[in-house]
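Hi everyone, thanks for coming. Let's put the picture up on the screen and walk through it together.

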Protein chains: 2
Amino acid sequence: MDSDLTLQPQSLVSMLRSIAAGEQTAEQWINACFDRIEAREEAVGAWQHRLTRDEYLTRYHAQQDFFTTSVLKGLPVGIKDIIDTKEMPTEMGSSIHQGRIPSDDATCVELIKKAGGMILGKTVTTEFAYFKAGKTGNPVDTERTPGGSSSGSAAAVADNMVPVSVGSQTAASVIRPAAYCGTIGYVASRGELSLRGGQPLAQSLDSLGLYGREVADIQLLRSVLLRQATPENWQSTLNASELKRVLVCDGSLVGDVSIDMQEALASLAEKLEKQGVAIERLGQTEQVRQLVRCHEQIMAWEVCRNLAYESQFPEQLSEPLQALLANGLAMERSEYLNALRQVQELGGWLNQALAQVDVILTPAAPGIAPLKTDGTGSPHMSRPWQVLGLPTVTIPGLSDQAGLPLGLQLVGQAHDDDMLLAHASWVLNTVMTK
Amino acid sequence: MDSDLTLQPQSLVSMLRSIAAGEQTAEQWINACFDRIEAREEAVGAWQHRLTRDEYLTRYHAQQDFFTTSVLKGLPVGIKDIIDTKEMPTEMGSSIHQGRIPSDDATCVELIKKAGGMILGKTVTTEFAYFKAGKTGNPVDTERTPGGSSSGSAAAVADNMVPVSVGSQTAASVIRPAAYCGTIGYVASRGELSLRGGQPLAQSLDSLGLYGREVADIQLLRSVLLRQATPENWQSTLNASELKRVLVCDGSLVGDVSIDMQEALASLAEKLEKQGVAIERLGQTEQVRQLVRCHEQIMAWEVCRNLAYESQFPEQLSEPLQALLANGLAMERSEYLNALRQVQELGGWLNQALAQVDVILTPAAPGIAPLKTDGTGSPHMSRPWQVLGLPTVTIPGLSDQAGLPLGLQLVGQAHDDDMLLAHASWVLNTVMTK
């Protein structure tokens with residue numbers, strides 16, 4: 001057992017490969033995750049509810065035969081606490097739903113369980129996946145925010161407590177936390193992955209998201225959620241693909257951005273160019289900013305209607321959420337319709353630009369993670385792509401002089417998620433290592 | 001009380017107007033609905049679960065002050081049993097979920113309750129809103145199907161058991177039952193109305209739907225679901241608007257259609273022309289049929305993933321659903337992506353055609369309601385519009401020689417639902433009465 005206590009959790013695919021090779025057992029990896037949680041959870045606060053080591057291992061042993069022959073071997077997964085789980089509370093970061101036990105597992109939870117993943121716990125979300133932060137600190141510097149709303153999902157993976165986790169994004173809720181914590185976050189094309197049992201915030205904007213320590217982790221979890229992974233075939237989904245043409249969207253086209261972040265973007269663009277990738281630059285400012293505004297309007301209109309139940313308890317809602325609900329209720333319907341129409345038109349323009357290249361490269365956040373006292377950071381860097389329902393993935397690995405992560409993101413064409421992840425894999429494993 | 005027993009339930013807005021005028025009380029209308037249910041439910045079978053008259057009136061009296069000052073005055077509403085209600089089971093038409101009590105009300109249920117509507121009960125749905133019929137008979141001829149999947153919601157309104165009800169549509173689940181039962185069904189533009197708490201079948205195809213006895217009922221219920229109706233302003237939402245230009249899509253462009261239905265379509269087109277409406281005709285066959293095929297493929301792919309939990313209990317699933325799940329699992333991802341891409345392209349073509357006219361007029365079903373022994377009828381007449389997320393509304397009032405309903409439908413531009421309903425109101429109240 002001594003060796004277990006010094007085993008460092010790795011990526012999901014590394015764990016699975018070591019199990020397949022007989023080097024470690026699933027139980028050793030599970031114990032390594034719990035070692036990490038026990039050492040770090042007090043400082044990081046990634047978990048809203050979770051199994052203890054004993055509870056986990058008891059369940060694992062009770063079904064060990066199933067896990068041994070499964071894709072995910074009983075390894076642990078974190079689930080954002082906005083996604084329903086019938087064996088643990090789902091409280092959505094709000095006292096309104098304290099102790100709420102949903103009647104069903106969300107489909108993504110069900111699919112992970114069927115593939116032999118075990119739900120270690122529910123990760124902290126901001127209040128209804130909007131702005132008000134939970135307890136989580138950034139693993140890199142716990143005085144700083146991990147970003148929101150999938151705060152705990154990002155922090156748990158970044159801090160090696162679990163190899164993979166599930167989040168959701170309406171504005172920047174997966175990409176920004178990944179950027180701040182220095183891990184890999186992926187947002188699926190809208191409609192790609194079932195949101196059944198995920199509590200919706202804004203139906204025209206919500207997407208499921210995943211976190212992993214390697215792109216391969218995300219590729220595998222994605223294929224589980226598409227019911228495509230089997231114990232025999234899963235390695236075949238882990239592809240990398242060389243980029244040929246990249247469209248760079250300068251952060252300043254979207255909104256405020258730090259000088260450090262601009263330098264990080266320039267630095268990756270330069271690395272890509274050195275690998276022979278053709279770099280083009282998006283010129284239009286107005287269209288991108290218009291997408292940001294459309295996103296804000298659609299979100300206000302829809303959130304106010306989705307949270308009809310919760311809006312009856314204003315004293316239990318944060319001020320920013322109350323303000324969003326009031327905005328949505330005061331909005332003229334014509335503003336909402338106008339925003340939807342503009343998105344349609346601007347989507348045509350952007351998709352044409354995207355069709356000429358492999359991906360868009362752009363900042364994943366305005367800069368490094370702010371201090372916790374300053375909130376969870378601004379979501380504007382994700383709004384243009386999210387309002388169009390495009391798949392995105394963060395590229396970690398760059399940092400400022402103090403070592404704080406500066407995440408970039410790649411944006412792909414709608415439903416071309418497999419290719420986007422293959423490109424991200426190439427960038428992370430080939431370009432960033434040089 | 002004697003007069004109550006002969007009071008015939010009317011449309012929602014008629015009831016509300018008579019309450020406002022002091023002619024009848026809400027309680028009289030509630031009793032009239034229960035009179036109807038008690039007389040007819042054994043033959044029609046619209047309800048999966050429902051309150052008894054005593055239970056309903058006890059709850060009504062307990063909150064009578066609230067109801068008196070509310071928009072909907074405590075009048076009864078039916079909710080399709082695929083939509084979660086925390087005070088009644090939601091079983092989705094499947095023995096897998098027998099006795100399932102959800103942890104929360106769906107948002108549409110919450111909004112109706114907040115506006116003073118009372119949930120009288122849960123209406124019969126086909127198995128998971130797919131094909132396998134429940135017990136419901138068509139009120140016009142109980143040997144015939146009411147159509148599916150919102151079978152009970154359509155039958156309950158058509159049979160005057162409740163003035164309005166909520167359904168959902170993935171293929172033809174609102175429009176076809178309305179057509180078969182001779183009532184008014186409306187499918188909202190995709191994303192218009194919150195589906196939180198509605199169990200999804202296929203995320204790219206699901207829409208919320210409403211039934212009413214008048215278009216005005218639907219306009220009012222829609223404004224409740226958009227949080228726009230108040231006790232003071234609700235009558236201002238009940239608009240009618242004259243049609244100027246109509247694009248007729250012959251049923252044969254979509255698929256098989258009966259001669260009776262073709263005559264019904266021709267007859268309404270003629271009536272419209274007499275009112276000075278310009279009639280144009282859609283010429284393309286191949287595009288419309290391609291939309292039908294795309295719908296089928298997207299549905300198979302997505303249903304198989306959404307019903308991940310249920311697919312573990314094949315012995316409790318009907319053969320048609322098992323076949324759909326198997327198809328979805330066997331499909332190549334490229335087929336799904338191809339269907340999504342084609343929908344995008346064909347949507348551009350159809351939206352251009354729609355932009356030149358006010359609405360499309362087309363059959364709502366292939367013909368009259370089949371016998372129950374022959375299933376719930378074919379959904380193909382709705383697939384092209386549903387796959388594009390367009391709002392639709394049935395136009396009842398025509399029938400075959402035996403008096404069986406032949407429903408037509410109007411199709412509007414995405415998110416132009418208010419204008420679509422205003423046009424439907426004009427057709428039903430001005431054109432159909434001549």
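So, how much area is buried between chain A and chain B? About 3500 Å², and carbon and sulfur atoms give 43% of that. Before I go on, please keep in mind that this is a predicted model.

Who supplies that area on the chain A side? Three arginines stand out: A:Arg196, A:Arg227 and A:Arg333 supply 22% of what chain A buries against chain B, more than any other three residues. Hold on to A:Arg227, as we'll come back to that one. If you count residues instead of area, the contact takes 44 from chain A and 44 from chain B.

Now, what holds hands with what? Between chain A and chain B there are 32 residue pairs in polar contact, with both partners at pLDDT 80 or more. Which elements of chain A give two or more residues to the side that touches chain B? They are helix H6 (107-114), helix H9 (215-225), helix H12 (286-306) and helix H14 (333-355). H12(A) has the largest share there, with five residues. And if you sort that side of chain A by class, you get 17 nonpolar, 13 polar and 14 charged residues.

Speaking of charge, how many salt bridges does the rule find across the interface of chain A and chain B? The answer is eight. One of the pairs to look at is A:Arg100 with B:Asp104, whose side chains meet in a salt bridge at 2.7 Å, N to O.

Let's flip over and look at the arginine with that number in the other chain. B:Arg100 sits in the loop between E2 and helix H6 (107-114) of chain B. Its side chain and that of A:Asp104 are joined by a polar contact of 2.7 Å. Is B:Arg100 buried or exposed? With a relative accessible area of 8%, B:Arg100 is buried. Leaving aside neighbours within four places in sequence, B:Arg100 is in contact with A:Ser103 and A:Asp104 from across the way, and in chain B with B:Asp84, B:Pro89, B:Thr90, B:Glu91, B:Met92 and B:Gln199.

Okay, next topic: symmetry. Take chain A, turn it by 180° with a shift of 0.0 Å along the axis, and it can be laid on chain B with an RMSD of 0.0 Å. The two copies are therefore related as by a two-fold rotation axis. Which C-alpha of chain A is nearest the axis? That would be the one of A:Ser103, 2.8 Å from it. And the same surface serves both copies, with 100% of the contact residues of chain A recurring in chain B.

Now back to A:Arg227, as promised. This residue is in the loop between H9 and strand E7 (245-248) of chain A. What's odd about its backbone? A:Arg227 has a positive phi of about 55°, although it is not a glycine. That positive phi comes just after H9(A). As for the surroundings, H9(A) is mostly covered, with eleven of its eleven residues buried. Among them are A:Asp217 and A:Arg222, along with A:Ile218 and A:Leu221. A:Arg227, in contrast, is partly exposed, at a relative accessible area of 22%.

Chain B has a residue with a positive phi to show you too. B:Lys73 is not a glycine either, and its phi is about 60°. You'll find B:Lys73 in the loop between helix H5 (64-68) and strand E2 (76-80) of chain B.

While we're on backbones, which peptide bonds should you look at? In chain A, a cis peptide bond joins A:Gly148 and A:Ser149, with omega about 5°. A:Ser149 lies in the loop between strand E3 (118-123) and helix H7 (151-158) of chain A. In chain B, the bond from B:Gly148 to B:Ser149 is cis, with omega near 10°.

One last stop: B:Ser207, in strand E6 (residues 207-212) of chain B. At 2% relative accessibility, B:Ser207 counts as buried. Its side chain makes a polar contact of 3.1 Å with that of B:Gln386. Beyond its neighbours within four places in sequence, the residues in contact with B:Ser207 include B:Ser168, B:Gln169, B:Val187 and B:Arg190.

That's my tour. Questions?

How values were computed: Residues numbered from 1 in each chain as written. Chains lettered and ligands numbered in written order. Predicted model: local features only at pLDDT ≥ 70, side-chain atom pairs only at ≥ 80, totals over all residues. Heavy atoms only, no water. Contact = heavy atoms within 4.5 Å. Buried area = accessible area lost by both parts, 1.4 Å probe. Salt bridge = Lys/Arg side-chain N within 4 Å of Asp/Glu carboxyl O. Polar contact = N/O pair within 3.5 Å; in protein donor to acceptor, adjacent residues only side chain to side chain. Helix = DSSP H or I, 4+ residues; strand = E, 2+ residues; numbered from the N terminus. Nonpolar A, V, L, I, M, F, W, Y, C, P; charged D, E, K, R; others polar. Least-squares fit on C-alpha atoms with pLDDT ≥ 70 in both. Buried < 20%, exposed > 50% of the residue type's maximum accessible area, 1.4 Å probe, protein only.
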